[in-house]
Amino acid sequence: GPRVVIIGAGIVGCALADELTARGWTGVTVLERGPLFVTGGSSSHAPGLVFQTNPSRTMARMARYTVEKYLELECFRQVGSLEVATTPARLAELHRRFGFGQSWGIPSAVLDPAATATLFPLLDSDRVLGGLHVPGDGLASAVAACEAQARRATARGARFIADAEVVEIRSAGGKVAGVRTVDETYPCDIVVSCAGFWGPRIGELAGVTIPLLPMAHQYVRTDGVGAHDDLPILRHQDRDLYFRAHGEAVGIGSYLHEPMPVELADLPGGEHPSMMPFTPDTFSESWDAAVDLLPALGPKRIVDGFNGVFSFTADGFPLLGEARELSGFWTAEAIWVTHSAGAARAVAEWMVTGRSSLDLHECDLNRFDPAQLAPAYVFERAIRSFAEVYDIVHPLDPPSVRNLRVSPFHARQTELGAVFGEAAATGWERPLWYAANPPPPAPRARDEWSSRHWSPIAETEARITRERVAMYDMTPLTRLEVTGPVSFLQELTSGDVDRKVGGVVYTTLLDPAGGIRSDITVARLAENRFQVGANGPLDLDWLLRRAPAGVEIRDVTGGTCGIGLWGPRARDVVAPLTDIDVSPGAFRYFQCREGHLGTVPVTMLRLSYVGELGWEIYARADHGLRLWDTLWAAGQEHGVIAAGRAAFTSLRLEKGYRAWGIDMTSEDDLYQAGLATGPAPDRRLTCLVLADAGAVPMGREPVYADGAPVGHVTSAAFGHTIGAPIAYAWLPAALTVPGTELEIGYFDRRLSATVATEPLFDPEHQRLRS
Ligand code: FAD
């Protein structure tokens, strides 16, 4: 294998050395600025609570592997965890978290107050409405895990060197060549920064932005209160607290205090640079809240406390992968003890084989738009992540930094009463629905959770799209302009993109094992010029890394804009406006043309993500307002409306169109995802129709067959044309026969669902082709 230098011997650096050497890469050197293995980093004093349950399947599975591995290495005590609810909203949230556990294979149970007190006798059960018990959770001994993994790595040839602070990263020809410490130089092919919250400083040495914010968080230990080492770890999310036993004493961690961002220059010197002095004033509210839950603490005192530093990112996910700016420079940062072994395994697989078996798109270092790398953005979002770490977060809750990216239609959308949401991955604002559209005469009742950030107006917008015509803002869709020979895209995609000029192909980017890295549309605008409709920055990254000389790739998203004009009257709207022949024979489905629409130079793609006649119409951003106004004016006599994301998702699910990153990822192949027919797959993305019209899942809920969890929901929405909620779900192939009766876990309910033949709407695609 190549020569690898890992910077940092915290729990992540040690886990990575173990995972790399286990895969036969023995030329691994771990350089640590402090001593081994109480290095002074975050791992040295982490209390080590491991709660595996997470809305993200990837994070949950990283945690699960961490537990399995540390159990085997005998540095994990599986005492179980308890999360308590003191409000009805939290109790409902615990049921939702139980569902995540069912979906991702982490058994748990929701307990009544008496049962919580049996598990954790120090609890005042009168204060508690219930609890979530996860028997597989527990306590990792972080330093012991460092030692155990380092020992195995050393036995396989790795070196761990203390007092070796990296002060320079050397490169040659855009590639890593080595690192230098104060004393020595280490030539190498690959550097992995596992420097924890020091990551940004290592990034500076490499010329790579590492978007994380070091923050302090308070942890104390009490006098003995009659605790014991077998007590489960405990969370009291309603007051932002967590607890563990230290023998007879209790340790209390708090996120209740104001966020405390830390400048690296202000870290204390000495042996524990990640331990800032304790600030008792900011802990008093936490103490009162702790006593309220655990009355036995009342007469006791805090024996010691500190403000410990660790990493926060804008979206709460780690930073994994190889920087594009400097080949051979990797990061594995912003990782908790909880996910340490799982993240290290994923990165090691990726380094050694070119792919991770776990979908890492949420964690990829290259996932950000440039604005999302701005220090001001990282600061504000990380502060909010800290404050919200235990909050009940709805998937559509708006972020703290708004209007990061807006389309040129924004002013018009606002005039129409648009309610905006953020496309989280890319930071674009996009309308969810428009208040200017009337609600339906008899809106359907819908459960409270799925009614948040939703409006019955979505039904109006969906219906008018099917009956007349609607304008959808497609600006947030990533657009790449690729110039060069067709062979480049032909080799990278699963389909045949070598069509005549004017052809459009829907296809996928596959990883070395056939996993779906993205789904894209490729429009051939000229012999050597293509417009690629993609899913985000990771697609740009994927193509740039593989582009040979002579191929040029530009992200034109921000400089352009687009409107999806869809519905049976779409042709009537555009025909009088354009010099392009839009007659059915001249401009067919999956074709593209360039021309004008009024005064606006446009590229029209005859595609529809909602299953109707129509076009994606793209223009330069400076022409955008004019494009909107032109279509809007011409559309009036055809009853045009503007429609938002809520209607869009409903229509796309009626047509069975998959959303990459939600319905399918690199863990799935084309056959499993239903994008190609071929060999019989073991599991399939499957369409379910729900019986209860009043409950609409949001995604990630478990699916049950005969009472046992068998899969999970990806996307769901009410299908207004078919008159029932639709859910797509991953299921074992044997359960995907149409008519199969299943249940979806939704909070404390089980919703009946039936496997349906897809697509539910217009299976012959007559509308698209009209
Ligand atoms: P670190 O352990 O910080 O290791 C990074 C290493 O890099 C350090 O040893 C450092 O010395 C070294 N380094 C830095 N710069 C250089 C350089 N230039 N050259 C050489 N070496 C360098 N997580 C949980 O999962 N559960 C918990 O209960 C929990 N509780 C926490 C409580 C507190 C108070 C704190 C502060 C954190 C807690 N965490 C918890 C978070 C967890 O501790 C960290 O996320 C985790 O330890 C990070 O591990 P790491 O290996 O990435 O970083």
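Two aromatic rings of Phe, Tyr or Trp make a pair if their centres lie within 6.5 Å, and pairs like that are what the first view is about. Keep in mind throughout that this is a predicted model.

**View 1. An aromatic cluster with Phe310 in it.** Tyr219, Tyr242, Tyr255, Phe306, Phe310, Phe312, Trp336, Phe386 and Tyr390 come together as one aromatic cluster. Across the whole structure, the search turns up 23 aromatic pairs. One of them is Phe310 with Phe312, an edge-to-face pair with 5.3 Å from centre to centre and 70° between the planes. Phe310 counts as buried because its relative accessibility is 16%, and Phe312 counts as buried because its value is 6%. Phe310 also pairs edge-to-face with Trp336, this time at 5.8 Å centre to centre and with 65° between the planes. That second pair bridges distant parts of the chain: Phe310 belongs to strand β20 (residues 302–313), while Trp336 is in the loop between β22 and α8, 26 residues apart. Trp336 itself is partly exposed, at 29% relative accessible area.

**View 2. Arg405 and Asp369, a salt bridge between two loops.** Arg405 and Asp369 form a salt bridge, and their closest N and O atoms are 3.2 Å apart. Arg405 sits in the loop between α9 (375–387) and α10 (410–415), and Asp369 in the loop between α8 (340–353) and α9, so this pair ties together parts of the chain that are 36 residues apart in sequence. Are these two residues buried or exposed? Both Arg405 and Asp369 are buried.

**View 3. Glu422 and Arg381, a strand linked to a helix.** Here the salt bridge runs between Glu422 and Arg381, with 3.6 Å between the closest N and O atoms. Glu422 is in strand β23 (residues 418–423) and Arg381 is in helix α9, so to speak two distant parts of the chain, 41 residues apart. Glu422 is buried, and Arg381 is buried too.

**View 4. Arg524 and Glu527, a salt bridge with one buried and one exposed partner.** Arg524 pairs up with Glu527 in a salt bridge whose closest N and O atoms are 3.3 Å apart. Arg524 counts as buried because its relative accessibility is just 3%. Glu527, on the other hand, counts as exposed because its relative accessibility is 51%, and the cut-off for exposed is over 50%.

**View 5. A salt-bridge network.** Which residues are joined into one network by salt bridges that share partners? They are Asp18, Glu19, Arg23, Lys69, Arg152 and Arg156. For the structure as a whole, the salt-bridge count is 44.

**View 6. The largest nonpolar core, with Tyr70 inside.** This core has 53 residues, and Ile6, Tyr70 and Phe160 are the ones with the most contacts inside it. Several elements supply at least two residues each, among them β1 (4–7), α1 (11–22), β2 (28–31), α2 (57–72) and α5 (142–155). The most comes from α8, which gives eight residues. Setting aside its neighbours within four places in sequence, Tyr70 touches a list of residues that includes Ile11, Ala15, Phe76, Ala145, Val337 and Ala341. There is also a second, separate core of 33 residues, with Ile169, Met260, Ala323 and Leu365 among its members.

**View 7. Glu74 in its loop.** Glu74 lies in the loop between α2 and β4 (76–77). Glu74 is exposed, with a relative accessible area of 74%. Its C-alpha atom is 9.1 Å from that of Ser141, a residue 67 places away along the chain.

**View 8. Two arginines over tryptophan rings.** The charged end of Arg446 sits over the ring of Trp454, 3.8 Å from the ring centre. In another spot, Arg683 lies over the face of Trp730, at 4.7 Å from the ring centre.

**View 9. Where domain 2 meets domain 3.** The domain assignment gives domain 2 as 409–477 + 558–655 and domain 3 as 478–556, alongside domain 1 (4–313) and domain 4 (673–766). The C-alpha centres of domain 2 and domain 3 are 25 Å apart. At their contact, 18 residues of domain 2 meet 19 residues of domain 3.

Terms used
Residues are numbered from 1 along each chain as its sequence is written. This is a predicted model: local features need pLDDT of at least 70, side-chain atom pairs count only at pLDDT 80 or more; totals for chains, interfaces and linings use all residues. Side-chain values use heavy atoms; hydrogens and water are left out. A salt bridge is a side-chain nitrogen of Lys or Arg within 4 Å of a carboxyl oxygen of Asp or Glu. Helices (H or I, at least four residues) and strands (E, at least two) are DSSP runs, numbered from the N terminus. Buried means under 20% relative accessible area, exposed over 50%, partly exposed in between (1.4 Å probe, protein chains only). A nonpolar core is a set of buried Ala, Val, Leu, Ile, Met, Phe, Trp, Tyr and Cys residues joined through side-chain atoms within 4.5 Å. Contact means heavy atoms within 4.5 Å. Rings of Phe, Tyr and Trp (its six-membered ring) pair if their centres lie within 6.5 Å; planes under 30 degrees apart count as stacked, over 60 as edge-to-face and the rest as tilted. A charge sits over a ring if NZ of Lys or CZ of Arg is within 6 Å of the ring centre and within 35 degrees of the ring normal. Domain bounds come from an automatic or database domain assignment.
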